[in-house]
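This report describes the fold, the interchain contact and some local backbone features of the structure shown below.

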Amino acid sequence: MSASIAPKETIMSEHMEKAIAAAIADKLVLVVEDTSSSRILVSGLVRGLGAHRVVSATDGIDALAKTLDKDLVPDVVLCDWVMPNMDGLELLTRIKAAHASVKFIMMTVKTEAEAVIMARQHGVDGYVAKPFTRESLMTSLAKVLGVSL
Amino acid sequence: MQDWRQAPVVDTSVTDQLRQDLDEADFALVHDALADDIRGRLAELSGALAQDDGDTARRAIHSLKGAALNLGHLRLGLLCGHLNHCALAGDWDSVRGGWDDLVASGQSSLAALGHAGLAFDGDSSIVRA
């Protein structure tokens with residue numbers, strides 16, 4: 001694979017993997033992806049990292065509807081940017097307005113500076129460039145969960 | 001960026017890594033889902049192009065690009081990347097011109113996934129499973 005599309009990867013020690021697993025074990029993770037293979041992939045990887053509670057949604061509207069249930073307000077949102085009906089940026093804005101403590105990670109191919117700045121201005125906590133790997137998800141989750149690398 | 005024409009259908013290093021990172025059930029499930037995504041997004045794109053619906057077409061290409069590259073379907077993903085670039089520039093002639101290559105790449109990916117390919121009619125505007 002060419003370097004231009006390869007995701008940035010960080011080598012994680014076994015100790016670090018255990019730290020992330022401990023940090024994410026009791027967290028509710030909401031995966032928002034309109035593409036089913038990507039949704040299943042992210043959910044599977046996050047479960048593999050130690051999350052016991054993973055919920056998925058097909059777009060921003062579906063995600064917001066789920067968060068109306070107080071038992072489904074997530075600790076961490078992993079969200080695609082480009083989706084039909086309601087995109088990731090609008091979902092970010094709405095979720096942060098209702099639940100400021102929710103950690104929001106945007107997963108996207110939009111890696112140009114303007115997109116990153118725009119996401120930050122809307123309060124994004126983390127960023128995962130697509131195509132992603134287990135390592136790139138780990139790195140971003142570690143950051144938002146306060147696990148030092 | 002690598003030329004999609006030179007790219008392998010599947011980057012097996014990605015597949016091998018996913019086999020380690022996912023449990024067996026999720027590994028099978030995610031690949032079956034990719035087959036559905038390929039069929040669904042190509043059908044969506046075909047319809048959008050027929051109706052000059054640029055937003056839906058762009059989103060279909062973008063989604064297929066991400067799904068393909070995440071699972072190491074490099075040729076399809078890179079071709080979608082090229083078409084996405086054309087679509088963002090408003091170059092719909094190039095997008096339509098790439099349709100046959102996109103169908104061929106989709107069929108190659110489906111074959112690699114062990115799924116039956118797609119059949120298209122002569123004007124490439126209707127997708128049949």
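The account below moves from the overall build of one chain to the contact between chains and then to individual residues.

**Overall build of chain A**

The model is predicted. Chain A contains 6 helices and 5 strands, and along the sequence these elements follow the pattern α-β-α-β-α-β-α-β-α-β-α. The radius of gyration of chain A is 14 Å, close to the 15 Å that the globule rule gives for 149 residues, so chain A is as compact as a globular protein of that length. The C-alpha trace of chain A spans about 35 × 35 × 30 Å along its principal axes.

Of the 149 residues in chain A, 52% are buried. Among the contacts in chain A with a separation of 6 or more, 66% are between residues 24 or more positions apart. The exposed surface of chain A amounts to about 6,500 Å², of which carbon and sulfur atoms supply 53%. Chain A carries 16 positive and 18 negative charges, and the mean positions of these two sets are 4 Å apart.

**Contact between chains A and B**

The size of an interface is often given as the accessible area lost when the parts come together. Here, chain B and chain A bury about 2,100 Å² between them, with 63% of that area on carbon and sulfur atoms. On the side of chain B, the residues B:D21, B:H62 and B:N70 supply 26% of the area that this chain buries against chain A, more than any other three residues. The contact involves 21 residues from chain A and 24 residues from chain B.

**Local backbone features**

Most residues other than glycine have a negative phi, and most peptide bonds are trans. A cis peptide bond joins A:K130 and A:P131, with omega about 0°. A:P131 is placed in the loop between β5 (126–129) and α6 (134–145) of chain A.

Two residues other than glycine with a positive phi are listed next.

| Residue | Phi | Loop | Relative accessible area |
|---|---|---|---|
| A:N85 | near 70° | between β3 (76–80) and α4 (88–98) of chain A | 61% |
| B:D52 | near 55° | between α2 (24–50) and α3 (54–70) of chain B | 61% |

Are these positions buried or exposed? With a relative accessible area of 61%, over the 50% cut-off, A:N85 is exposed. B:D52 is likewise exposed, with a relative accessible area of 61%.

How values were computed. Residues are numbered from 1 along each chain as its sequence is written. Chains are lettered from A and ligands numbered from 1 in the order in which they are written. This is a predicted model: local features need pLDDT of at least 70, side-chain atom pairs count only at pLDDT 80 or more; totals for chains, interfaces and linings use all residues. Side-chain values use heavy atoms; hydrogens and water are left out. Helices (H or I, at least four residues) and strands (E, at least two) are DSSP runs, numbered from the N terminus. The radius of gyration is taken over C-alpha atoms; the globule rule is 2.2 Å times the number of residues to the power 0.38. Buried means under 20% relative accessible area, exposed over 50%, partly exposed in between (1.4 Å probe, protein chains only). Contact means heavy atoms within 4.5 Å. Accessible areas come from the Shrake-Rupley method with a 1.4 Å probe; for residues, only the protein chains shown count as cover. Lys and Arg count as positive and Asp and Glu as negative; His and the chain ends are not counted. The place of a charge is taken as NZ of Lys, CZ of Arg, CG of Asp or CD of Glu. Buried area is the accessible area (1.4 Å probe) that two parts lose on being put together, summed over both.
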